[in-house]
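Reader: I am new to this structure and would like a short guided tour. Could you take me through it step by step?

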Amino acid sequence: MREIYIVNNLGCAHCGGKIEEKINKMPEVEKATLVFATKKLEVISDGKEDLSEKLTAVADSIESGVVIEKEAKQVLKKKKVSTFASHKSDFLQVIGGAILFVIGIFVNTRFSTAGVILYLVAYLILGLEIIINALKNIAKGQVFDENFLMSLATIAAIVIGEYPEAVGVMLFYRIGELFQDIAVERSRSQIMEAADMRPETITVLTKGVEKEIPAGEGKVGDIILIKPGDRIPLDGIVIEGSSRIDTSPVTGEPVPVSVSQGEAVVSGCVNKQGVLKIKVEKALEDSMVTRILEAVEKAAANKPKMDRFITRFSKVYTPVVVLIAALTAIVPSLITGDWNHYIYTAITFLVISCPCALVLSVPLSFFSGIGAASKRGILFKGGLAIESLADIKAIVMDKTGTLTTGTFAVKKIVSVSGLTEKQMLTMAAAVERYSTHPIAESIVEEAVHRKLTLVQPKQVEEISGKGLKAQFREGSLLVGNKALLEKEGVLLDRYQEEMGTTVLLALDQKLLGWIVIGDTIKEDAKEAVHKMKALHLYTGILTGDAKSAAEAVGKIVGVDQVFAKLLPEEKLLKLEETRKDHGVVMFVGDGINDAPVLAGADVGAAMGSGADAAIEAADVVFMNNRVGAIPTSIEIARRTKSIAKQNVIIALVVKALVMILGFLGMANMWFAVFADTGVTMICVMNSIRLLYKKY
């Protein structure tokens, strides 16, 4: 059973990794994933008990004060709290400590004893909480955390008489931690606000009376009122009114869509004009807004390989740097006798040894990438999908529903018997209205569009996989494919192959002509393929459709290669060939028959309008059904991976540089604190750039 928990008061990304590791060792837990960026913990267990208390006990043993509680399904009123109010204690301690520190600097030049007292009081205001947490964690067996390292470093500075240094560094550390927490919280809220479109309340109409109730209490069948400017809260059907709705929050599509009575609308979209009455089809937990939020949170929990590497690396990094610090304090001092200098150098190493900047840099980058994509109607199913997508070398696509709209229309009517187009279409539609096939429906729609009067046939017989046979006063009419007419002995010497699907007509075994049915190519398909090529990607089509139709589409949109008339297993073989020839391959499809090849591709992507099986098998879902989302997703993935690498390099290079400078006596503890909290803030800000980049 999968359950989601909220992790409260977690301030250390490195500690988050330790908590996740320890929870995974619990006998009741099959698998646990903690995401620092969302403060969510996903636990898979037998579901026999609420694990909140046990999980809290584990978390508190790593970082004091952490509380884990089960996520409430009810959407609670979001209270906006000011930054100062949410960090009031930290602000007061920093301000108080800073004032005493400044006074101490002034007093120390004249009254050294008074200055020392002021420094010590300032240090206790700033550092007492850190020292207490360090002692608590040591008692729990957690030694190498930032509280212990900062406490040890600053106390060592006091022991060697560096009072201003100890207080100044602790002050700088507290300021850095405070601003780091604020930056991480704001970045998290920016990303989650883009994904969390769940309403707090809905307006229900009961016997014409409006009543506002919590969104979680809305039931299937309720009638809700949506006024201009309101966000549609739950999925439903319009029963009264017409309007234009902005679907961009869900699909990323900028052009508003017209809706009227009888049409379906999804939650998250914004009503732009008229008043709508909607009958609820799905409760909050099943509506689009919740599905999008869950997709984003699940994606954040699916960690990339880079994140796993950094987590493993951080376990080794801290003990190694602490060991280097110990050796630096002892070995050179024994040789030179300059204990103060090398102890001070070792202190800087202790501060640098905190791995938070490293641990936070990668997941926040990927989380920002997931948030940036969701704003554009692209749902990544995890960090692994982003990593793979960034390395894509080839893209192969299904034709129908991916490059084309999947909507068939009459493109051409050919008569070889002297009949007019109107007569041909009237005869074909009179028969095809007894079929539910999309091609048959397109012929009937064309006849309705032309306002033709259809004659009732005496008898209609469906011939599976081939077409229809109908009896009219004029004779026996065949409407179907080439195989049907050949089976019935119709002479086809005047028939010519066409690009598209052809429906042939024959009366009493004499060919009358044919109707060419074609799919409509999506408006942005050609431009999207051009963008793919600009990204140096091989492009191809894998389809089960006829060769002529597939090649016609391929030629128009400009793909490199077309493979047609393929069965699902043959698509897999062609995918393997593409992988061997070009490298990491992405497949984009939308049908049930695409599920095997979607699962077999390095990255499988599905159009949001596609079959549930295809969407389930895919690593990426394009909610807006636009071909342009394909190159956009690759650009976001590449940029996400690039920024994650930048963050890792920044963190490692700055830390290494400060260590070298410290050993040479050219860097002090202030530099070391910057290498910890300062670099973390730089990585946070660098990651958030993803949200504001235009694609």
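Author: The following exchange covers the chain as a whole and then two of its sheets.

Author: Please note that this is a predicted model, in which local features need pLDDT of at least 70 and side-chain atom pairs count only at pLDDT 80 or more, while totals for chains, interfaces and linings use all residues. Residues are numbered from 1 along each chain as its sequence is written, and side-chain values use heavy atoms, with hydrogens and water left out.

Reader: How many helices and strands are there in the protein chain?

Author: The protein chain has 24 helices and 26 strands. These are DSSP runs numbered from the N terminus, with at least four residues for helices (H or I) and at least two for strands (E).

Reader: Is the chain spread out or compact?

Author: The protein chain is more spread out than a compact globule, because its radius of gyration is 33 Å, well over the 26 Å that the globule rule gives for 695 residues. That radius is taken over C-alpha atoms, and the rule is 2.2 Å times the number of residues to the power 0.38. Along its principal axes, the C-alpha trace spans about 120 × 65 × 45 Å.

Reader: And what share of the residues is buried?

Author: Buried residues (under 20% relative accessible area, 1.4 Å probe, protein chains only) account for 52% of the 695 residues.

Reader: Let us turn to the sheets. What is the order of the strands in the open sheet of 4?

Author: The order is S2-S3-S1-S4, and the pairing is antiparallel. Strands count as paired if DSSP finds at least two bridges between them. At the edges are strand S2 (29-35) and strand S4 (67-70), each of which pairs on one side only.

Reader: How many bridges join S2 to S3?

Author: S2 and strand S3 (residues 40-45) are joined by 6 bridges. Val29 stands opposite Ser45 in S3.

Reader: Which strands does helix H1 touch?

Author: Helix H1 (residues 13-23) packs on this sheet and touches S2, S3 and S4; contact means heavy atoms within 4.5 Å.

Reader: What about the sheet of 7 strands: what is its order?

Author: This open sheet runs S14-S26-S25-S24-S15-S22-S23, with mixed pairing. Its edge strands are strand S14 (378-380) and strand S23 (561-563).

Reader: Do S15 and S24 pair in the parallel or the antiparallel sense?

Author: Strand S15 (residues 394-397) and strand S24 (residues 585-589) pair in the parallel sense, over 4 bridges. Within this pair, Ile395 stands opposite Met586 in S24.

Key
Axes are lines fitted to C-alpha atoms, for helices over the stretch in contact, and angles run from 0 to 180 degrees between N-to-C directions. Buried means under 20% relative accessible area, exposed over 50%, partly exposed in between (1.4 Å probe, protein chains only).
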